[in-house]
Number of protein chains: 2
Amino acid sequence: MTDAALHIHPTGHDHAACVDEALETAETLCVERGARLTPLRRRVLELVWSSHRPVGAYDILGKLDDGARKPAPPTVYRALDFLIEHGLVHRIESMNAYLGCNHPEQSHTGQFLICRECGNVTEMDDEDVRQTLRRRAAEKGFEVRSQTVELVGLCANCKAG
Amino acid sequence: MTDAALHIHPTGHDHAACVDEALETAETLCVERGARLTPLRRRVLELVWSSHRPVGAYDILGKLDDGARKPAPPTVYRALDFLIEHGLVHRIESMNAYLGCNHPEQSHTGQFLICRECGNVTEMDDEDVRQTLRRRAAEKGFEVRSQTVELVGLCANCKAG
DNA sequence: GTATGGCCTGATACACTGTATCATACTACA
DNA sequence: TGTAGTATGATACAGTGTATCAGGCCATAC
């Protein structure tokens with residue numbers, strides 16, 4: 001059982017279920033692809049999923065310190081690279097931080113809604129947005145290969161509260 | 001006369017004109033607002049405009065070294081903060097770099113088209129995109145306050161060439 | 001004309017984020 | 001087993017950004 005299982009997430013959901021599902025999905029997906037979700041990578045993924053807030057690489061590094069051996073930065077960055085490559089984790093550019101992805105089946109670059117009150121980030125994978133961006137850029141002669149969309153504002157919970 | 005005036009920009013335009021116009025616009029705008037475009041800030045703006053590629057803070061720092069005194073990082077970051085606050089410069093999050101804005105009249109966050117071949121970045125200030133993002137987020141209960149949109153791909157020139 | 005307060009810059013030190021490189025260990029497969 | 005490929009450990013360093021204090025400049029008030 002992980003730390004996350006010990007408490008309920010601020011938004012009221014059972015976050016342990018999020019983590020479990022994410023890890024299970026990752027296992028399945030890596031088996032399918034012949035990719036190796038090693039204990040280290042699994043642990044890093046679990047730490048990224050410790051909340052719905054993006055996590056810094058050095059936060060992960062700190063939490064990997066189990067008293068015995070303290071890993072070095074490349075250890076974390078390599079694990080993150082693997083996870084990102086397989087769509088299991090996204091990098092939030094405007095925060096230099098990392099966020100678990102809950103639908104990694106097809107690789108993608110999502111659109112992120114960053115709440116400036118609670119810090120939670122939700123992924124909005126909107127095809128309309130994607131197409132609009134692609135079309136508008138194309139009208140300027142630009143061929144889009146990858147999209148970074150990060151919106152800061154207020155989430156539904158924080159607006160209500 | 002600046003360095004930029006000594007050569008023609010890759011895309012074939014007279015880049016010195018870009019720089020001159022940007023600096024002139026900045027002067028006017030700061031006078032209107034009662035903001036102080038000091039020699040240092042003006043110089044930093046000029047260096048940001050040295051090309052249509054985003055420029056790193058430490059590149060600017062290096063070019064500020066006139067042999068006599070070498071400025072320290074905070075000097076550059078403070079100047080950049082001022083310029084960003086007044087919409088004269090944008091920060092490209094995915095590159096940790098800074099780009100001159102050619103229509104700073106009304107403050108805004110633009111959409112950026114980053115060419116992975118030539119490195120040039122053009123700003124696409126598309127209201128349709130802005131509205132689509134705002135609407136789609138609102139449908140998820142999210143109220144957008146600021147947008148970061150950075151698209152990587154191929155510009156018209158590099159596709160043709 | 002000087003005094004005062006606010007803004008701008010200088011300067012030192014440090015924090016945070018990420019990478020290059022080489023060595024070691026593990027795994028899968030022949 | 002042996003071997004090639006992959007994963008991790010470990011050291012060092014590069015790149016990016018900030019906290020903090022001190023000094024300088026300028027406008028306005030008196």
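Start by selecting Tyr98(A) in this predicted model. An N or O atom in the side chain of Tyr98(A) sits 3.3 Å from a phosphate oxygen of DNA strand C. Keep that strand on screen, since the first stop is all about it.

**Stop 1: DNA strand C**

Stay with chain A and click on Arg91(A). One of its polar side-chain atoms is 2.4 Å from a phosphate oxygen of DNA strand C. Now move to Tyr58(A), where the partner is a base: an N or O atom of this side chain lies 2.6 Å from a base nitrogen of DNA strand C.

Which elements should you colour here, if you want those that give two or more residues to the surface near DNA strand C? Pick α4 of chain A, then α2 (39-48) and α4 of chain B. The biggest contribution is that of α4(A), with four residues.

Next, show every residue around the strand. There are 17 of them, and the nearest are Tyr58(A), Tyr77(A), Arg91(A), Thr38(B) and Arg78(B). Look at the DNA side too: of the atoms of DNA strand C that come within 4 Å of the protein, 48% belong to sugar and phosphate. If you colour the surface near DNA strand C by residue class, you will find eight nonpolar, three polar and six charged residues.

**Stop 2: DNA strand D**

Swing the view over to DNA strand D and show what surrounds it. How many residues surround DNA strand D? The count is 16, and Thr38(A), Arg78(A), Tyr58(B), Tyr77(B) and Arg91(B) are the closest. Sugar and phosphate make up 47% of the atoms of DNA strand D that come within 4 Å of the protein.

Three side chains of chain A deserve a closer look:

- Thr38(A): a polar atom of its side chain is 2.5 Å from a phosphate oxygen of DNA strand D.
- Arg41(A): an N or O atom of its side chain is 3.1 Å from a phosphate oxygen of DNA strand D.
- Arg78(A): a polar atom of its side chain is 2.9 Å from a base nitrogen of DNA strand D.

To see the elements behind this surface, select α2 (39-48) and α4 (73-85) of chain A, plus α4 (73-85) of chain B; these are the ones that give two or more residues to the surface near DNA strand D. Here α4(B) has the largest share, with four residues. By class, the surface near DNA strand D holds eight nonpolar, three polar and five charged residues.

**Stop 3: the two protein chains**

Zoom out and show chains A and B together. A turn of 180°, with a shift of 0.0 Å along the axis, lays chain B on chain A with an RMSD of 0.0 Å. The two copies are therefore related as by a two-fold rotation axis. To find that axis from chain B, click on Val149(B): its C-alpha is the one in chain B nearest the axis, at 2.3 Å. Both copies use the same surface, as 100% of the contact residues of chain B recur in chain A.

**Stop 4: a histidine pair in chain A**

Select His52(A), which you will find in the loop between α2 and α3 (57-64) of chain A. Is His52(A) buried or exposed? His52(A) is buried, with a relative accessible area of 18%. Add His15(A) to your selection: the side chains of His52(A) and His15(A) make a polar contact at 3.1 Å.

**Stop 5: Ala97(B) and its surroundings**

Switch to chain B and select Ala97(B), which is in strand β2 (residues 97-100). Ala97(B) is buried, with a relative accessible area of 5%. Now show its partners. Beyond its neighbours within four places in sequence, Ala97(B) is in contact with Pro54(B), Val55(B), Gly56(B), His90(B), Arg91(B) and Ile92(B). Asp59(B) is another residue to mark: 38 residues separate it from Ala97(B) in sequence, and the two C-alpha atoms are 9.5 Å apart in space.

**Stop 6: the cysteines**

Finish by showing the cysteines. How many disulfides does the structure hold over all chains? The number is zero. Try Cys101(B): the closest cysteine sulfur, in Cys18(B), is 13 Å from its own sulfur, which is too far for a bond. Cys101(B) is also buried, with a relative accessible area of 3%.

Last, select Cys118(B), which is in no disulfide, although the sulfur of Cys115(B), the nearest cysteine sulfur, is 3.6 Å away. A disulfide needs sulfur atoms within 2.5 Å. Cys118(B) is partly exposed, with a relative accessible area of 24%.

How values were computed. Residues are numbered from 1 along each chain as its sequence is written. Chains are lettered from A and ligands numbered from 1 in the order in which they are written. This is a predicted model: local features need pLDDT of at least 70, side-chain atom pairs count only at pLDDT 80 or more; totals for chains, interfaces and linings use all residues. Side-chain values use heavy atoms; hydrogens and water are left out. A residue is near a molecule or strand if one of its heavy atoms lies within 4 Å of it. A polar contact is a pair of N or O atoms within 3.5 Å; within protein, one must be able to donate a hydrogen and the other to accept it, and residues adjacent in sequence count only if both atoms are side-chain atoms. Ala, Val, Leu, Ile, Met, Phe, Trp, Tyr, Cys and Pro count as nonpolar, Asp, Glu, Lys and Arg as charged, and the others, Gly among them, as polar. Buried means under 20% relative accessible area, exposed over 50%, partly exposed in between (1.4 Å probe, protein chains only). Copies are superposed by least squares on the C-alpha atoms of residues with pLDDT of at least 70 in both. Contact means heavy atoms within 4.5 Å.
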